[in-house]
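Biologist: Could you put the model up so we can go through it together? I'd like to talk about confidence, packing and a few odd spots.

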Amino acid sequence: MGKRVMVAVIFIPLMLIIIYILNPLWSFCLPAVISLLSMISIYEVLHSTGFLTNARLTWYSIILAGIIPFWVILEQNMHVALLCLLVYFILAFIEAISSHYVLTIEKVGGAFFFSIFIPFFLSSLIRLYETAGVGDYLILLPFVTAFTSDAFALFGGMFFGKHKLAPELSPKKTVEGAVAGLVGAVVCTIVYGLGVHLIFPEVSANYLLLGVYGVLGSLASQLGDLSFSYIKRQYKIKDFGKIFPGHGGVLDRFDSVIFCAPLTEVLCVFLPALVIR
């Protein structure tokens with residue numbers, strides 16, 4: 001548990017420094033960072049589970065995942081995206097056909113599924129950052145909601161947990177911990193909005209909507225955690241990787257953000273809680 005807290009203590013201030021002090025560098029590097037995280041995630045889920053043993057298709061999937069975050073920059077010019085998908089499927093089916101049924105359609109479909117949904121959902125962070133006027137503040141919302149939900153759920157489960165939430169997927173998760181995570185996410189999301197408004201008075205915060213962000217974001221985060229726990233239990237592995245001490249791999253740390261980020265993006269579009277006056 002100490003390692004988990006230490007990673008969060010180091011990671012969140014580091015993000016603040018990069019976003020607010022090294023702002024121009026962050027603007028340039030953000031798609032590359034999301035691309036790198038996506039590529040590592042695809043490698044982790046395909047390799048650690050043993051789901052895909054075909055090296056070439058694994059690399060095709062990793063490369064596709066690395067390209068997808070840059071599609072955000074292309075905006076309306078999606079012909080490049082179409083070309084990338086076409087090349088991927090041509091190579092994938094050439095690999096499948098030449099394998100003489102060793103590489104099944106389930107393997108091809110599964111590799112494509114992960115290669116699309118993980119980087120596309122993480123790319124919501126780029127779109128949040130590019131929101132006119134308030135992108136610097138919005139990009140942190142999914143992390144605030146997801147990480148605080150995880151932290152409060154952990155401590156709530158330790159001190160008050162009695163009823164198992166999903167014992168087959170995650171034996172340590174409890175109903176009490178899930179409730180604590182939800183409450184903690186709501187409080188911290190509202191406090192984050194208050195802090196942004198106090199430090200940057202030109203930013204107006206709707207605290208009721210921020211509370212909604214906290215509730216829905218926490219639910220999405222916990223569902224993301226359970227979803228990837230489902231994959232780990234099915235393949236009988238503890239972690240997807242070992243990059244973050246106490247957390248495991250990229251997917252073990254960002255599983256909740258993968259679900260929370262696109263939800264936050266949708267909420268910011270239809271129910272904006274942070275706006276410039």
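What follows is a short back-and-forth about this model.

Modeller: Before you start, this is a predicted model, where local features need pLDDT of at least 70, side-chain atom pairs count only at pLDDT 80 or more, and totals for chains, interfaces and linings use all residues. Residues are numbered from 1 along each chain as its sequence is written, and side-chain values use heavy atoms, with hydrogens and water left out.

Biologist: Which element of the chain has the lowest mean pLDDT?

Modeller: pLDDT is the predictor's confidence in each residue, from 0 to 100. The chain has a mean of 88, with 88% of its residues at 70 or more. Among its elements, helix α3 (residues 55-67) has the highest mean, 96, and the lowest, 56, belongs to helix α1 (residues 2-20).

Biologist: How many helices and strands does the secondary structure of the chain come to?

Modeller: Elements here are DSSP runs numbered from the N terminus: helices are H or I with at least four residues, strands are E with at least two. By that count, the chain has four strands and 12 helices.

Biologist: What percentage of the residues count as buried?

Modeller: Buried is under 20% relative accessible area, exposed is over 50%, and partly exposed is in between, with a 1.4 Å probe and protein chains only. The chain has 277 residues, and the buried share of them is 47%.

Biologist: Which helix gives the largest share of the largest nonpolar core?

Modeller: A nonpolar core is a set of buried Ala, Val, Leu, Ile, Met, Phe, Trp, Tyr and Cys residues joined through side-chain atoms within 4.5 Å. The largest one has 63 residues, and those with the most contacts inside it include Phe-114, Phe-228 and Leu-274. Nine of the core's residues, its largest share, come from α12.

Biologist: What share of the contacts with a separation of 6 or more comes from residues 24 or more positions apart?

Modeller: A contact means heavy atoms within 4.5 Å. Leu-274 gives a feel for it: beyond its neighbours within four places in sequence, its contacts include Val-134, Tyr-192 and Leu-210. Across the chain, residues 24 or more positions apart make up 74% of the contacts with a separation of 6 or more.

Biologist: How many aromatic pairs does the structure hold, and how far apart in sequence are Phe-143 and Phe-254?

Modeller: Rings of Phe, Tyr and Trp (its six-membered ring) pair if their centres lie within 6.5 Å; planes under 30 degrees apart are stacked, over 60 edge-to-face, and the rest tilted. There are 15 such pairs. Phe-143 and Phe-254 make an edge-to-face one, 6.4 Å centre to centre with 85 degrees between the planes. It links distant parts of the chain, Phe-143 being in helix α9 (residues 141-160) and Phe-254 in helix α12 (residues 250-270), so the count is 15 pairs and the separation is 111 residues.

Biologist: Are those two rings buried or exposed?

Modeller: Phe-143 has 8% relative accessibility, and Phe-254 has a relative accessible area of 5%. Each value is below the cut-off, so Phe-143 counts as buried and Phe-254 is likewise buried.

Biologist: Why is the pair of Phe-228 and Phe-240 edge-to-face?

Modeller: Phe-228 is in helix α11 (residues 207-234) and Phe-240 in the loop between α11 and α12, so their pair ties together parts 12 residues apart in sequence. Both residues are buried, and both belong to one aromatic cluster with Phe-113, Phe-114, Phe-117, Phe-121 and Phe-259. The pair is edge-to-face because the ring centres are 6.1 Å apart and the planes stand at 85 degrees.

Biologist: Which ring does the charged end of Arg-253 sit over?

Modeller: A charge sits over a ring if NZ of Lys or CZ of Arg is within 6 Å of the ring centre and within 35 degrees of the ring normal. Lys-107 does this with Phe-51, its charged end 4.5 Å from the ring centre. For Arg-253, the distance to the centre is 4.1 Å and the ring is that of Phe-147.

Biologist: Is Tyr-101 buried or exposed?

Modeller: Tyr-101 is in the loop between α5 (79-98) and α6 (105-122). Its phi is near 75 degrees, a positive value in a residue other than glycine. With a relative accessible area of 79%, Tyr-101 is exposed.

Biologist: What is the relative accessible area of Lys-236?

Modeller: Lys-236 lies in the loop between α11 and α12, and its phi, near 55 degrees, is a positive value in a residue other than glycine. Lys-236 is exposed, with a relative accessible area of 75%.
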